[in-house]
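Let's take a relaxed walk through a protein model, going from the whole chain to single residues. Keep the 3D view open and turn it as you read.

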Amino acid sequence: MTRSRSFGAQTHSFILNGEKITIEAEDNERLLWVLRDLVGLKGPKYGCGLDVCKSCTSHINGKAFNPCSVPVSKIKATDEITTIEGLANKETGELHPMQQAWLDYDVAECGYCQPGQIMAAIAKVKQARANGHEISDTDFDELRNICRCGTYFRIREAVRAGAAKM
């Protein structure tokens, strides 16, 4: 897939949700705008643009990051970017266990921050397990995604439930 925005753009390639893509964008264009405006994904949300609210949280090479703070020129051709759109099983459509837990625990109120919350939770569970333990209160304290509706209690319940099925 190749998409372009402007005349003086540079070509950038990377792996997005399992598919190699090539886009044309200015080197300093933030990856969030590439994902939303050029590729057409709407899962990563724009909140602050300053790496504070974390509503755009996605994964790069399996780790949480915020594409609002990363220029597309910093993304290498071998980098694997995963957004909320890339979590469900492509063959069956079955949701990722964390996505299903969000539904089971009725987490979302407005829902704006939820894609970023889910992506951060998955990365945190994987990080905890890589460190030899299940997700703990200390790990929860390190999650900094902002939810304006205040559903933090349900978020924690859903994370624990989703983690149990991951």
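## The whole chain

Of the 166 residues in the protein chain, 44% are buried. Keep in mind that what you're looking at is a predicted model.

How many helices and strands does the protein chain have? Its secondary structure comes to five helices and six strands. If you read along the sequence, they follow the pattern β-β-β-α-β-β-β-α-α-α-α. The radius of gyration is 16 Å, close to the 15 Å that the globule rule gives for 166 residues, so the chain is as compact as a globular protein of that length. Along the principal axes, the C-alpha trace spans about 50 × 35 × 30 Å.

## Helix H1, mostly under cover

Next, find helix H1, which runs over residues 31–39. This helix is mostly covered, with seven of its nine residues buried. The buried ones are Leu 31, Leu 32, Val 34, Leu 35, Arg 36, Leu 38 and Val 39. Trp 33, on the other hand, counts as partly exposed, because its relative accessibility is 28% and the partly exposed class sits between 20% and 50%.

Just after H1 you'll meet Gly 40, which takes a positive phi of about 95 degrees.

## A pair of rings

Now for the aromatic rings. A pair of them is described by the distance of the centres and the angle of the planes.

This structure holds one aromatic pair. Which residues form it? They are Trp 33 and Tyr 46, in a tilted arrangement, with 5.0 Å from centre to centre and 40 degrees between the planes. Trp 33 belongs to helix H1 while Tyr 46 is in the loop between H1 and S4, so the pair ties together parts that are 13 residues apart in sequence. Tyr 46 is partly exposed, at 36% relative accessibility.

Another ring to look for is that of Tyr 112: the charged end of Lys 45 sits over this ring, 5.9 Å from its centre.

## The loop after H1

Stay with the loop between H1 and S4, as Asp 51 lies there. What is the sign of phi at Asp 51? It is positive, about 65 degrees, although Asp 51 is not a glycine. Asp 51 counts as partly exposed, with 32% relative accessibility.

Val 52 is in this loop too, between helix H1 and strand S4 (58–60). Is Val 52 buried or partly exposed? With a relative accessible area of 49%, Val 52 is partly exposed. Val 52 also helps make a nonpolar surface patch of about 390 Å², together with Leu 50, Ile 146 and Tyr 152.

## A second loop

Move on to the loop between S4 and strand S5 (63–65), where you'll find Asn 61. Its phi is near 50 degrees, which is a positive value in a residue other than glycine. Asn 61 is partly exposed, at 45% relative accessibility.

## Out at helix H5

Finally, look at helix H5, which covers residues 152–165 and includes Ala 164. Why does Ala 164 count as exposed? Its relative accessibility is 66%, and exposed means over 50%.

Where does Ala 164 sit relative to Pro 97? The two are 67 residues apart along the chain, yet their C-alpha atoms are separated by 8.6 Å.

Technical notes
Residues numbered from 1 in each chain as written. Predicted model: local features only at pLDDT ≥ 70, side-chain atom pairs only at ≥ 80, totals over all residues. Heavy atoms only, no water. Patch = residues over 30% accessible without salt bridge, like charges linked within 9 Å, V, L, I, M, F, W, Y side chains within 5 Å. Areas by Shrake-Rupley, 256 points an atom, 1.4 Å probe, with all protein chains shown as cover. Salt bridge = Lys/Arg side-chain N within 4 Å of Asp/Glu carboxyl O. Helix = DSSP H or I, 4+ residues; strand = E, 2+ residues; numbered from the N terminus. Buried < 20%, exposed > 50% of the residue type's maximum accessible area, 1.4 Å probe, protein only. Phe/Tyr/Trp six-rings, centres within 6.5 Å; stacked < 30°, edge-to-face > 60°. Lys NZ or Arg CZ within 6 Å of the ring centre and 35° of its normal. Rg over C-alpha atoms; globule rule 2.2 N^0.38 Å.
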